[in-house]
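Please open the model in your viewer and keep the selection tool at hand. The tour goes stop by stop.

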Amino acid sequence: MKILHFSITVFLFSVIMFMASYTDQYAYACSCAAQGPRPSEVFGKSTAVFSGEVIEIDKNDSSNIKTVKFDVQRVWKGVSGNQTTVVTGSGDANCGYPFVMNETYLVYAEGNPLYTQSCGRNTLFADSYDDLRVLGPGTEVPEFPFAIPILLVSIASLIVFYRTQIRK
């Protein structure tokens, strides 16, 4: 009887240990929901939404972050110049987005300074059709944003110059 009792105890203990350790799901340091938030939800929470080409990636190993510099092409929210920087984690474990040099992305960023992570809606611009249907065309960033003010100041200067020359 003692052997039967011992065998049942060992069997039940083995079953419990097996069930506790067996799972088909894995835990990651940074895991995202399978179905992310909709573009309109992320747009509302974002400080900046823009598309741009990665022109510089500065990885700081001591703080596990990287600063990514973009040449901004289109803006939907929060960016006023033709270049901006975004901070993200340096890898998967700290939710960093894997930006690649010379690739163009649709970026949703928050905060000041701007930061983003892998669980957001950031994507290659070529793959952003669903987002663009919701966001619309955005505003194109001029190649040289001060061209119009400089042109106006130049014209005004010419007018003043000619008026002073005529009076002499």
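What follows is a list of selections, with a short note on each.

**Whole chain**

Start with everything shown. This is a predicted model. Colour by secondary structure and you should find 4 helices and 6 strands. Following the sequence, the elements come in the order α-α-β-β-β-β-β-α-β-α. The chain has 168 residues, and 23% of them are buried. Switch on the surface: about 12100 Å² is exposed, with carbon and sulfur atoms supplying 60% of that area. Take contacts between residues at least 6 apart in sequence: 57% of these join residues at least 24 apart.

**Strands β1 and β2**

Select residues 48-60 for β1 and 65-77 for β2. The two strands run antiparallel and are joined by 11 bridges. For one pair across them, pick D58, which stands opposite T67 in β2.

Now go to the turn of this hairpin, where 4 residues lie between the strands. Select N64, which sits in the loop between β1 and β2. What is the phi of N64? It is positive, about 55°, although N64 is not a glycine. N64 counts as partly exposed, at 44% relative accessibility.

**Strand β4 against β1**

Add residues 104-109, which are β4. β1 pairs with β4 too, in the antiparallel sense, over 6 bridges. Pick V49 and look across to Y108, its bridge partner in β4.

**Two loops around β4**

Step back to the loop between β3 and β4 and select N102. N102 also has a positive phi, near 65°, in a residue other than glycine. Is N102 buried or exposed? N102 counts as exposed because its relative accessibility is 54%, and the cut-off for exposed is over 50%.

Then move to the loop between β4 and β5 (123-124) and select P113. The peptide bond from N112 to P113 is cis, and its omega is near 10°.

**The nonpolar cores**

Show side chains for F50, F70, V86, F99, Y105 and V107. These residues touch the most other members of the largest nonpolar core, which has 16 residues. β1, β2 and β4 are the elements that give two or more residues to this core. β2 provides the largest share, with 4 residues.

Centre on F99 and list its contacts, leaving aside neighbours within four places in sequence. F99 touches V54, I57, K66, V68, F70, T88, Y105, V107, T116 and N122. Another core lies apart from the largest one; it has 6 residues, including V42, V49, W76 and L106.

**T84 in strand β3**

Select residues 83-89 for β3, then T84 within it. Why is T84 classed as buried? Its relative accessible area is 15%, and buried means under 20%. Leaving aside neighbours within four places in sequence, what is in contact with T84? The list is F50, V68, K69, F70, V72, V79 and L114.

**Last stop: a surface patch**

Select helix α4, residues 147-167, and find Y162 in it. Add L158, F161 and I166 to the selection. Together with Y162, these residues form a nonpolar patch on the surface. Their joint accessible area is about 470 Å².

Notes
Residues numbered from 1 in each chain as written. Predicted model: local features only at pLDDT ≥ 70, side-chain atom pairs only at ≥ 80, totals over all residues. Heavy atoms only, no water. Buried < 20%, exposed > 50% of the residue type's maximum accessible area, 1.4 Å probe, protein only. Contact = heavy atoms within 4.5 Å. Patch = residues over 30% accessible without salt bridge, like charges linked within 9 Å, V, L, I, M, F, W, Y side chains within 5 Å. Areas by Shrake-Rupley, 256 points an atom, 1.4 Å probe, with all protein chains shown as cover. Salt bridge = Lys/Arg side-chain N within 4 Å of Asp/Glu carboxyl O. Pairing = 2+ DSSP bridges. Core = buried A, V, L, I, M, F, W, Y, C linked by side-chain atoms within 4.5 Å.
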